Protein chains: 2
Amino acid sequence: MLSNRQLLILQVIIDEFIQTAQPIGSRAISKKDEITFSPATIRNEMADLEEMGYIEKTHSSSGRVPSEKGYRFYVDHLLLPFHLSKNDQQLISSVFEQDLVEFEQVVQKSVNVLSDLTNYTSIILGPQVYETTLKQLQIVHLSVTTAVAILVTNTGHVEHRSFTIPTEIKASDLEKLVNILNERLVGVPIVELHHRLQHELTLILNHYVDDIESAFHYLKSALFDQQPNQVYIGGITNMLLQPEFNDVSKVHALYSIMEKEELMANVLRSTHEGIHISIGHENKVNAMRDCSLITATYSLAGKQVGTIALLGPKRMEYSRVVSLLNLLSNQMSHTFHDW
Amino acid sequence: MLSNRQLLILQVIIDEFIQTAQPIGSRAISKKDEITFSPATIRNEMADLEEMGYIEKTHSSSGRVPSEKGYRFYVDHLLLPFHLSKNDQQLISSVFEQDLVEFEQVVQKSVNVLSDLTNYTSIILGPQVYETTLKQLQIVHLSVTTAVAILVTNTGHVEHRSFTIPTEIKASDLEKLVNILNERLVGVPIVELHHRLQHELTLILNHYVDDIESAFHYLKSALFDQQPNQVYIGGITNMLLQPEFNDVSKVHALYSIMEKEELMANVLRSTHEGIHISIGHENKVNAMRDCSLITATYSLAGKQVGTIALLGPKRMEYSRVVSLLNLLSNQMSHTFHDW
DNA sequence: TGTTAGCACTCTTCACTTTCGAGTGCTAAT
DNA sequence: ATTAGCACTCGAAAGTGAAGAGTGCTAACA
């Protein structure tokens, strides 16, 4: 169990290290206003804190640096609610103050605001489409041999894919097929589309000509082959501003995984509702073992669907970041409540 | 004027430096098969080459390094046609070997292949839409108050924007408007759309109810506010692999400009037809003064429309890169010829 | 006359010291 | 229980010296 004095000292060390990225010595701590005892006393306490694993030395005669256990304790027990500045609040709100409320625009703007505000890298995972349903399916012919298939969801999301029409398929059959599909599939959740197409509809389609079936197969592969995970990343270059990433090789490892949408989506997807913090080795991805990842979920029409995250050094401004994420995810959920 | 021997030596120096990124000394040059004279002779020639500004020393007793003037001479006069490996050719071709020929997919794949093949950063600027025309305009209602407007071009490109419908506009008016617009605007080049909407159509629309006009204004802002420059970038992390970018601050400057689509679009747009090489300070953008940028244009339906580029250190494999870009841009133009 | 061997000179790199200062741990005094 | 004092440790920065790569110049050579 930690004494009050130890708590205080731990707090000062972490707060200070978050700002300076430099090891903190006993003398520096004693200079703080809230500290009333001498460096020698502090040294004793620090020796205890180190023994318990909350802080570390970088070398035998250096100042102390928070350990991952220290950060963990800090975010679990020492995190003070942070009062966001008017400016912070305004910038977050500004995301939602435009007329054209399209999901992608909002997310894109959010990502930028977040990374600008924090100087960390922000990542937003688009909505998982549990509740999203098909609104309309359409084919626009471009020429005799090419067409573009367009899929609109009830959230206003648009997927499209163009394709060449095999010669064996008649344009009229394609039209007919789209009509049938629209009749049958409007309102069906997107996640079920693939399944529904696969099983139910093949039966129905057998009542019609063979040609339709091949058209159908073609369309299916055109539209539903891969349902992309929408990962939005902003402020990647911010990583380079952090002193802990002066080493190019570290940056490279980190940037490489950020290029892998699939991986990032999995990392973000696997979090529980609310705010969650992963510090250093708590992250499953190796390249992130020097980072902290703070995730917040937002909801769309009541259901948890997406994740907002900030990736930075372990030495993050946890308090402020948590407040920012809270504010943003709430406003986001609120804005998308009606959908 | 350079003697044949000087040309040979310059060629060896640049070829060697491109591979090793290390200053080349007279001894190393003399070891090359194609070199038949002694280090001392080479030193004399190198002194001349340096005097003429084609090569430089990094310090008074170092080996020589190509200067920008040297690179310029190299690409202008010493560039040998490079025979691409089977593998290179196959990878480039593989981009076009899929069924679903959508422009964005092709470009995205190209960007990836190029950066993988070269270990540089590849940038592709999407087609300037001179020839692209409107194929279809559409509105899909999501709810009473929201809708998504979808614009399809004859190239299969899809733009969409969702918006909230102001209460003073009736849904039926919106429908009517879209019908009118489709009647009048299909086949009109995209670049003219804004203009056409602005001038010609307002007249026509005055024949109809006032409500349509406000709907029209709304729709216009929803769809045509900003025509985005499509800039595709791949292999940004490759920059980190180059020894000249070990310095984090350089990388940061470079990455920052790459985040600015507008800027990148301008840089790429301002090139002439065919292949063009900008070396170091020839680049207008400051952050690129340590890089070379090689651009190639591709055409869509005969007209020059887009740019493929590779960004790397000045010490690029010019010969191979030029061949790769040539091949890709040709295949691209060929593929899109029919559109 | 063009080429080359030889040599003195320059400059970087690397390993090794030295110095300096920040910070610690321990002990003894308060 | 707290603190002053002090010896000790270690890293960072600056300095030193030897090794090595490379040059420019000169004189000899074909």
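Contact here means heavy atoms within 4.5 Å. The structure is a predicted model.

**Exercise 1.** Determine how many residues chain A and chain B each bring to their contact, and characterise the interface.

*Solution.*
Step 1. Chain A supplies 41 residues to the contact, and chain B supplies 41 residues.
Step 2. The size of an interface is often given as the accessible area lost when the parts come together. For chain B and chain A this buried area is about 3300 Å², with 63% of it on carbon and sulfur atoms.
Step 3. Across this interface there are zero salt bridges, while three residue pairs are in polar contact, both residues being at pLDDT 80 or more.
Step 4. On the chain B side, the elements that give two or more residues are α6 (103–118), β4 (134–141), β5 (146–153), β6 (158–164), α9 (210–224) and α10 (248–259). The residues of that side comprise 18 nonpolar, 17 polar and six charged.

**Exercise 2.** Describe which residues surround DNA strand C and which parts of the strand they approach.

*Solution.*
Step 1. DNA strand C is surrounded by 19 residues, the closest being A:Ser26, B:Arg5, B:Thr41, B:Ser60 and B:Ser61. By class, the surface near the strand holds three nonpolar, eleven polar and five charged residues.
Step 2. Sugar or phosphate accounts for 74% of the strand's atoms within 4 Å of the protein, and bases for the rest.
Step 3. A backbone N or O atom of B:Ser38 is 3.1 Å from a phosphate oxygen of the strand, and a polar backbone atom of A:Ser62 is 3.5 Å from a sugar or linking oxygen. The side chain of A:Arg43 places an N or O atom 3.0 Å from a base nitrogen.
Step 4. Two elements give two or more residues to this surface: α3 (39–51) of chain A and α3 (39–51) of chain B. α3(B) gives the most, with four residues.

Key: Residues numbered from 1 in each chain as written. Chains lettered and ligands numbered in written order. Predicted model: local features only at pLDDT ≥ 70, side-chain atom pairs only at ≥ 80, totals over all residues. Heavy atoms only, no water. Near = heavy atom within 4 Å. Polar contact = N/O pair within 3.5 Å; in protein donor to acceptor, adjacent residues only side chain to side chain. Nonpolar A, V, L, I, M, F, W, Y, C, P; charged D, E, K, R; others polar. Buried area = accessible area lost by both parts, 1.4 Å probe. Salt bridge = Lys/Arg side-chain N within 4 Å of Asp/Glu carboxyl O.
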